[in-house]
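This report describes selected side-chain features of one protein structure for a reader who has not seen it before. Please look over the sequence and the structure first.

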Amino acid sequence: MSTELPDSAVSPPTESGSAPTRRTFIATTTVAGGAALAGGLVAAPLPGSGEAAATEAPHGSRVSLTVNGVRHTVTIDNRTSLLDLLREHLDLTGSKKGCNAGACGACTVLVDGRRVNSCLTLAVRLDGAEVTTIEGLAKGDRLHPLQQAFIDQDAFQCGYCTPGQIMSGVACIQEGHAGSAEEIREWMSGNLCRCGCYVKIERAVEQTAGRK
């Protein structure tokens, strides 16, 4: 049985100083070219990678607004909601983060006298605005009339929704939508209470509006 290997498996003979064979030349250039290509793929940045990184980087803006009579100037991520600005940057935690989708009303505050869901409001859009939160209603030790009415009417249980309920009730009265129990219920319908204190909340708003 022959032990000779086929020509393709035998290394081509070389002599010192002799020119490389065609087969050796092709093998050498292929390996070198592949290594260079691989090195290029690793070292060279992908097209547009710099733009992608720039796009992913958050953009900040400087915003000045008055909250409860105090002027604040802060630099924030443009994606920051008013609710997160109040809670995380200004340490005003009275406004609650409930659904964070504008469905429960726990985060209701007043912006330039109008009630808004602060979780859906971008803070960067409020440059120069005046914001009132639950912390800004009382005058020193004297509670706002609606805050006192909530105590008088026992209009809360767990209390989580109470700040938003009170802020919405204040706006409801200021807007002239407290003329009847039905009207109060309609204009307060965006504020949910999982404890079911709606009747007492309605009575508190009526008391403050002077209807009781």
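The text below goes through salt bridges, a helix, two polar side chains and a surface patch.

**Salt bridges**

The structure is a predicted model. Six salt bridges are found when the whole structure is searched. The table lists three of them.

| Pair | Closest N to O distance |
|---|---|
| Asp77 and Arg79 | 2.7 Å |
| Asp154 and Lys200 | 3.7 Å |
| Glu182 and Arg185 | 3.7 Å |

In the pair of Asp77 and Arg79, Asp77 is partly exposed, and its relative accessible area is 24%. Arg79 has 61% relative accessibility and counts as exposed, because the cut-off for exposed is over 50%.

Which parts does the salt bridge between Asp154 and Lys200 tie together? Asp154 lies in the loop between helix 4 (145–152) and helix 5 (162–174), while Lys200 is in helix 7 (residues 198–208), so the bridge joins parts that are 46 residues apart in sequence. Asp154 is partly exposed at 42% relative accessibility. Lys200 is also partly exposed, with a relative accessible area of 33%.

Glu182 and Arg185 both belong to helix 6 (residues 181–187), and because they are three residues apart, about one helical turn separates them. Arg185 is partly exposed, its relative accessible area being 44%. A network of salt bridges links Glu182 and Arg185 with Glu202.

**Helix 7**

Helix 7 holds Lys200, the partner of Asp154. Which residues of helix 7 are buried? They are Ile201, Glu202, Ala204, Val205 and Glu206. Glu202 is therefore a buried residue of helix 7 that also takes part in the network with Glu182 and Arg185. The cover over the buried residues of this helix includes helix 4, helix 5 and helix 6. Just after helix 7 comes Gly210, with a positive phi of about 85 degrees.

**Two polar side chains in strands**

Thr108 is part of strand 3 (residues 108–111). Is Thr108 buried or exposed? Its relative accessibility is 4%, so Thr108 counts as buried, the cut-off being under 20%. The Thr108 side chain reaches the backbone oxygen of Gly105 at 2.7 Å. It also makes a polar contact of 3.5 Å with the side chain of Asn191. With neighbours within four places in sequence left aside, the residues in contact with Thr108 are Arg115, Val116, Asn117, Gly164, Met167, Ser168 and Asn191.

Ser64 is found in strand 1 (residues 60–67). Ser64 is buried, with 17% relative accessible area. What does the side chain of Ser64 make a polar contact with? The partner is the side chain of Thr73, at 2.8 Å. Not counting residues up to four places away in sequence, Ser64 touches Arg71, His72, Thr73, Leu126, Asp127, Gly128 and Ala129.

**A nonpolar surface patch**

Leu143, Ile151 and Phe156 make up a nonpolar surface patch of about 240 Å². Leu143 sits in the loop between strand 5 (130–132) and helix 4. The relative accessible area of Leu143 is 34%, and it is partly exposed.

How values were computed:
Residues numbered from 1 in each chain as written. Predicted model: local features only at pLDDT ≥ 70, side-chain atom pairs only at ≥ 80, totals over all residues. Heavy atoms only, no water. Salt bridge = Lys/Arg side-chain N within 4 Å of Asp/Glu carboxyl O. Buried < 20%, exposed > 50% of the residue type's maximum accessible area, 1.4 Å probe, protein only. Helix = DSSP H or I, 4+ residues; strand = E, 2+ residues; numbered from the N terminus. Contact = heavy atoms within 4.5 Å. Polar contact = N/O pair within 3.5 Å; in protein donor to acceptor, adjacent residues only side chain to side chain. Patch = residues over 30% accessible without salt bridge, like charges linked within 9 Å, V, L, I, M, F, W, Y side chains within 5 Å. Areas by Shrake-Rupley, 256 points an atom, 1.4 Å probe, with all protein chains shown as cover.
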